[in-house]
Each structure stands twice: as C-alpha cells, then as structure tokens.
Amino acid sequence: MSTEVMKMDTALIYDEEMTKYKLLWPNPACEIETPERLMVINEALKKNGLSDRCVSVPVREATDEDFLLVHSKEYLEAVKTTANMNVEELMEFSKQYNDVYFHQNIYHCAKLSAGATLQLVDSVWTGKVRNGMALVRPPGHHSMRSAASGFCVFNNVAIAAQYAKQKHGAKRVLIVDWDVHHGQGVQYSFKDDPSVLYFSWHRFEHQKFWPNLKESDYDYVGEEGGTGFNLNIPWNKVGMTNSDYLSAFCHVLLPIAYEFSPDLVLVTAGFDAAIGDPEGKMCATPDIFAHLTHLLMNLAGGKLCLVLEGGYNLTSLQQSVCQTVHTLLGDPAPRPAYLEPPCHSALESIHCVRSAHKPYWSSLRHAAELPTSISTQCNKSEKVGEMLEKEGEEESVEELDWPEPPTRVSPPVRTSVVLPDDVPYPDGCKRFKLGAVDDGALKALMDKMEMNQICNGLALVRDVSMAMKCVVQHASSFPNRVLVVCVGDAEVQDSHSTKDGKTLTVHFSNKDSEELIGKYYLPVCLKKGWSDASWFTQAVLGLLLPVGYQYDPSLVVLARMPDCGLCDSVWQQLTAVLQGLAQGHTLVLVQEGEKACVGPTASTLLGQAAPSMGKFHAPPVKEVEALERLRHKLQADWKLLRNTAPETGGGDEPDEEFQSTVWFKNLIKNTLPSN
Ligand code: X5A
Ligand code: ZN
C-alpha cells in the first residue's frame with residue numbers, strides 16, 4: 001500500500017504578450033473580445049493570492065507541425081501572411097470568415113495561445129503538476145481546419161487533444177466545453193474519432209443563436225466510428241441557472257465521462273455561460289465553476305487542463321476564473337448558492353440528449369425514451385428568460401447584479417484523523433489528540449469542523465452504528481443540516497430520519513426497504529454484483545449527488561459499515577465527490593475491522609484525485625429499476641433528481657414558476673433566499 005503523497009501543484013500559464021492585439025475597426029459583433037479580458041483575470045488572480053500559489057509555466061510558440069495536427073497547410077500559410085498586412089488588408093482578410101478579426105500581432109499571439117495549451121498538457125501529462133489552467137487569447141474552439149471563426153484562429157484544445165494522443169500516447173481524451181457557445185470546430189475535428197469524447201452545452205434557442213448550426217442539436221452524436229462520442233446539450237432558453245448546469249453534469253456528462261474513463265481531461269473553459277455575460281445571457285453564478293471543476297477533478301486520475309475560451313463580462317469573468325483556480329488548488333468549494341429546481345426547458349434538453357445517447361452508453365440504458373409528443377418548440381412560460389422578454393428588457397441580463405462569491409478560506413487543518421494506537425497514521429494527516437477514540441473525540445472533531453478549523457476528518461471506530469448515532473445527535477445542536485451517507489448493512493436508527501429535515505440519510509444496503517422511503521430517509525439497494533463503477537454512476541451521480549446538492553448540508557457524515565462491499569476506487573470516488581458539499585466538511589466513520597481503507601480514504605480527504613474505477617459493466621436491470629422507482633418517488637421533493645421534463649400541464653408547474661420568480665427577484669436584490 002502506497003502512502004506516498006502525490007505532487008499537488010497547479011500550473012498557471014499566462015503571457016502578457018497575448019493582450020497585445022485588438023480590434024482595429026468598428027465591428028459590433030467583435031468588440032467584446034478585448035485585451036482587458038486577460039488583464040482583469042491576471043489582476044484578480046494576483047489580488048487573491050492565487051497566482052503565487054500556482055506554478056508558473058512559461059508559454060512557447062506552437063510550431064507548424066503542431067498546427068498541422070488540426071489545420072490545413074493552406075490555411076496556416078494564409079494566416080501567416082496577416083503579420084505583414086495593413087489595416088485595410090486585415091479587414092478584407094477577416095471578412096472571409098464569421099465573427100472574427102485579424103491584427104498584425106494575432107498570428108504571434110495565436111502561436112503563444114496554442115503553445116501555452118501544449119505546455120499545459122506536457123506539464124500535466126508528465127506529472128510535473130497535477131492540473132492547471134492556460135489563460136490565452138485568441139480563443140480556439142470555433143476555429144476549423146481551414147477557417148477562423150468566432151474570435152478563434154487556431155483550435156487550441158483540438159490541437160492539444162491530438163498532441164496528447166500522438167506525443168504522449170493518450171488513449172482517451174475527454175473535452176468538456178462549458179463555454180456558452182458551441183465549439184463546432186472541436187466537434188468537426190473529432191466527429192468520427194472514438195478516442196476523443198466531446199461534450200458541449202450551448203445557447204441554441206432552436207438554432208436561432210450563433211453559429212446557428214443544425215449539428216449543434218442534441219441529435220448530433222458523431223459519425224462512423226465516433227458515433228456516440230459527441231454530446232451536445234442545446235439550451236433553448238436563456239437564463240439557465242446553477243441547477244440546470246448541475247443537472248447536466250449529474251445526469252448527462254458525468255455518467256458518460258466515468259464510463260468513458262478518460263486518461264486526460266481538457267476543458268474549453270469559456271466563462272460566458274456565467275451570469276452577466278452579454279453573449280450567454282445565462283444566470284449561473286461564478287461559484288458554480290468551483291463545483292464544475294471539482295466534479296471533473298476525479299476523472300483521469302486528476303489530469304485536468306483548462307484553457308480559456310470566451311467570457312465577456314469582466315466582473316463575472318474574473319470571479320469565475322478565481323473560483324475555478326481555487327478549486328484546482330484544492331480549496332474546498334463554497335456551498336452552492338441559489339439551487340432552485342432545474343427549469344423545464346433545461347430538463348427537456350437533458351431528456352433529449354440522454355435518449356439520443358441511450359444506445360451508446362450502458363449508464364443510460366434505462367434512460368427514458370423521447371415521448372413522441374415532446375415539443376422541442378415548447379413555449380411554456382420560462383422563468384428568467386421569459387420574464388425578461390415579457391418585460392421587454394432584452395438587455396437587462398447585462399445589468400444584473402449578483403453577490404460577489406464568498407472569499408474562500410481553507411481551514412488551517414485539512415484532514416484530522418482519530419485512530420486507535422496500533423494503526424499507523426497516514427502521511428499528511430493531523431492526529432486529533434484526545435486520547436481514546438470515543439464519543440468525546442468525535443464531538444470535539446465535529447466542533448472544530450463546524451468552526452472551520454478543520455476541513456474534514458476520519459475516525460476508525462469500534463461500532464459505526466453507535467458512532468453515527470452519537471454524531472447525528474451532536475449535530476442536532478448545530479443550526480444546520482447534516483447529510484448522512486451510510487454504506488453497508490446496519491440498523492439505521494429511526495431518530496436519524498428526523499422529520500424536521502435536519503438530517504437526511506442516504507443508506508446504501510443489501511436490504512429491500514422501499515417501504516421506509518421518506519423525504520429524509522433514502523434507502524438504496526446495494527446488492528452484491530453491482531458494487532462497481534455502474535453502481536457509482538447510477539446511485540451516486542444520478543441520485544446521491546443531486547439530492548445532496550439540493551439539501552445543501554453543512555456537514556457530511558460518511559459511514560462505512562463492516563462488509564460495505566465497495567472496492568477502494570469506488571469508495572474513494574464516493575468520498576471525493578461528496579467533498580463538493582458542505583464546504584468540504586466530511587466526517588468519515590470507518591468500522592475498526594476495515595483498517596485497510598484508512599490509507600486510501602485519508603488520501604482522498606487530503607484532496608488527492610481518486611483513482612479511476614474498473615471496467616464498466618451494464619448495471620443489473622432489477623436493481624436499476626428499483627433505483628429508478630426511488631428516483632421517481634423522490635423527485636417531487638428533490639427536483640434536482642429529475643432528468644426528464646415533467647409533462648406539460650402537470651400538477652406542480654405553477655408552484656415551480658412561482659419559486660423561480662421569487663428566486664430571481666432575490667438574486668437581483670442581492671439577497672440569499674432562505675433554504
Ligand atoms: C470564444 C467565443 C464567441 C463568438 C461569438 C460570435 N466566441 N458571435 O466565445
Ligand atoms: Zn463563447
């Protein structure tokens with residue numbers, strides 16, 4: 001068993017030179033792509049002490065050979081000539097493409113932009129750092145083999161994916177495109193390539209939004225050998241929120257990404273999907289990027305490279321980038337704010353893409369078919385977008401005000417462990433000194449977590465059931481909520497499932513206890529034979545995580561019973577994703593006999609990436625059906641569990657709209673809705 005602490009550095013790649021080109025003539029479509037974008041990000045990272053905490057990796061110039069991985073020789077040579085053009089010639093040259101401008105210095109910057117991306121891939125792949133971000137201009141994801149497009153000259157991330165395959169032998173690369181525009185250039189590059197899985201969500205509005213392509217819709221799944229390896233979630237309304245994005249991750253991207261099991265993750269990280277952006281007109285707050293980042297950090301053993309794309313509201317842009325970099329560095333994510341139910345239009349899109357991909361991914365095998373009645377032209381009233389339209393305030397998203405994300409303070413102690421004397425202490429953990437492993441020690445540990453002096457903890461206890469009881473009882477003296485996740489067969493006392501909702505228990509066990517289901521007690525069947533990766537995607541990603549996010553606890557208690565039946569990697573993945581909740585305040589209770597899992601658990605609590613899970617088997621039908629019944633029963637109470645749009649005219653619609661309106665008003669009034 002290796003207790004070696006892995007390198008945990010985060011690379012930051014930036015060069016001021018990339019601020020040295022700009023639009024030289026009037027062009028409303030292009031004026032938002034400014035040098036200030038990079039400048040404000042750089043300033044904000046410095047101001048928040050983030051630059052200093054990262055490893056600064058120098059840029060380089062991408063070579064012809066690098067560009068030719070994706071682009072044609074003719075196009076490359078044509079771009080080279082722009083370095084010697086006058087303004088008039090640059091304007092003429094730009095005209096042959098869509099929404100893009102050239103400048104004498106843009107070719108130079110484009111070489112640095114792609115080169116920075118490749119430097120990042122090199123650093124992460126070789127383990128010099130564990131993850132990182134490249135802050136670049138020009139962006140890349142719209143550019144095609146022989147064409148510039150949408151402010152993009154060369155396709156930085158597409159080049160990086162090819163490069164990772166060819167130079168480093170990467171077998172499977174996941175590209176997550178959370179920019180609000182469709183990266184059609186990336187899609188085209190890998191449309192028939194099953195070794196690159198491309199995921200993009202994007203403002204689409206039934207093809208009315210730029211770049212207005214039919215192939216940006218959910219039913220474009222790739223071609224030939226690459227069929228099933230292109231995932232599009234079209235947003236048909238503006239005003240998408242944190243819940244819509246989290247739903248897309250829990251119900252679409254993550255199950256498929258885990259099944260794909262990439263050995264490298266690249267993010268085309270545009271921040272125009274955040275609130276205040278004039279292009280996206282969406283309403284997700286900057287702190288959502290802390291969660292999106294966190295949720296990607298346990299894929300590919302943590303090998304995660306983010307590359308800047310869009311983002312045009314300078315405030316929202318810098319806040320979002322800071323949230324992202326904090327998370328890359330391992331700082332616990334803030335509690336997710338403003339989680340209202342996902343909107344109808346988002347659920348329609350999610351439903352559509354899940355059903356389109358059902359044939360290709362075993363984790364979607366049970367996904368609902370598309371009802372023939374689904375109206376993708378749904379014109380039901382839709383909260384923010386609709387409200388804005390109704391009030392004739394087309395532009396008001398830009399004037400939105402939102403609270404600045406809370407400052408992220410990491411507790412002085414990351415992981416505290418309470419172990420019997422004969423168990424060796426894992427590296428990097430702090431011994432919680434209080435003598436014996438008893439109730440007193442557990443309570444004191446919880447108090448320190450509550451005071452944010454300790455982030456998380458691990459205790460090896462004689463009787464997990466008893467310890468759990470003690471912990472839950474003690475937590476009831478706190479003002480906030482506790483999520484109890486219990487794995488293995490055990491008596492879970494009735495008192496845990498308090499009616500007031502101060503405790504929510506999710507209990508994975510061998511027993512069929514459907515009759516015990518309640519809003520705050522979720523028994524989930526964990527039969528032998530399905531304690532593997534497919535259990536994780538179905539039960540953890542599709543059920544536990546959405547409920548957990550919506551419940552928004554201030555403490556997570558994860559209890560491991562004897563014979564819990566999970567192998568290390570799955571247990572570690574579970575531990576890792578739960579750390580996105582409760583500001584990372586996780587208390588893990590392990591039964592004494594389960595000593596062997598102390599090391600792996602501690603390493604995950606310390607923020608090391610969880611190892612990839614083994615091979616994916618199709619989940620057992622009976623168990624999935626039971627899980628689906630549970631999800632169905634619960635989705636009235638826990639709306640983030642939904643992965644299909646409720647039938648129109650259904651009972652709870654007006655209520656939902658009411659809630660959204662209240663939420664929206666709260667947001668613009670700069671107040672937090674009470675939970
Ligand atoms: C990288 C990026 C947007 C282009 C919009 C053109 N491009 N209308 O966000
Ligand atoms: Zn964009």
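Modeller: Before we start, contact here means heavy atoms within 4.5 Å. This is a predicted model, where local features need pLDDT of at least 70, side-chain atom pairs count only at pLDDT 80 or more, and totals for chains, interfaces and linings use all residues. Residues are numbered from 1 along each chain as its sequence is written, chains are lettered from A and ligands numbered from 1 in the order in which they are written, and side-chain values use heavy atoms, leaving out hydrogens and water.

Colleague: Okay, what is in contact with histidine 294, leaving aside its neighbours within four places in sequence?

Modeller: Thr327, Ala576, Val577, Gln579 and Gly580. Histidine 294 itself is found in helix H10; helices are DSSP runs of H or I with at least four residues, strands are runs of E with at least two, and both are numbered from the N terminus.

Colleague: Why is histidine 294 called buried?

Modeller: Buried means under 20% relative accessible area, exposed over 50%, and partly exposed in between, using a 1.4 Å probe and protein chains only. Histidine 294 has 13%, so buried is the word for it.

Colleague: And what makes phenylalanine 102 buried?

Modeller: Its relative accessible area is 0%, so it falls under that limit too. Phenylalanine 102 sits in the loop between helix H5 (87-95) and helix H6 (106-125). Not counting residues up to four places away in sequence, it touches several residues, including Trp25, Tyr75 and Val153.

Colleague: Why are H16 and H17 called roughly parallel?

Modeller: Helix H16 (residues 533-551) and helix H17 (residues 568-578) pack at an angle of about 20°, with their axes 11 Å apart. Axes are lines fitted to C-alpha atoms, for helices over the stretch in contact, and angles run from 0 to 180 degrees between N-to-C directions. Angles under 35 degrees count as roughly parallel, over 145 as roughly antiparallel, 65 to 115 as roughly perpendicular and the rest as oblique. About 20° is under 35 degrees, so H16 and H17 are roughly parallel.

Colleague: What makes Asp179, His181 and Asp272 donors of the zinc ion (ligand 2)?

Modeller: Donors are N, O and S atoms within 2.8 Å of the metal (3.2 Å for Na, K and Ca), and water is not among the atoms, so sites may look incomplete. Here the protein donors lie 2.0 to 2.6 Å from the zinc ion, so they qualify. The donor residues are spaced D-x1-H-x90-D in sequence, and both histidine 181 and aspartate 272 are buried.
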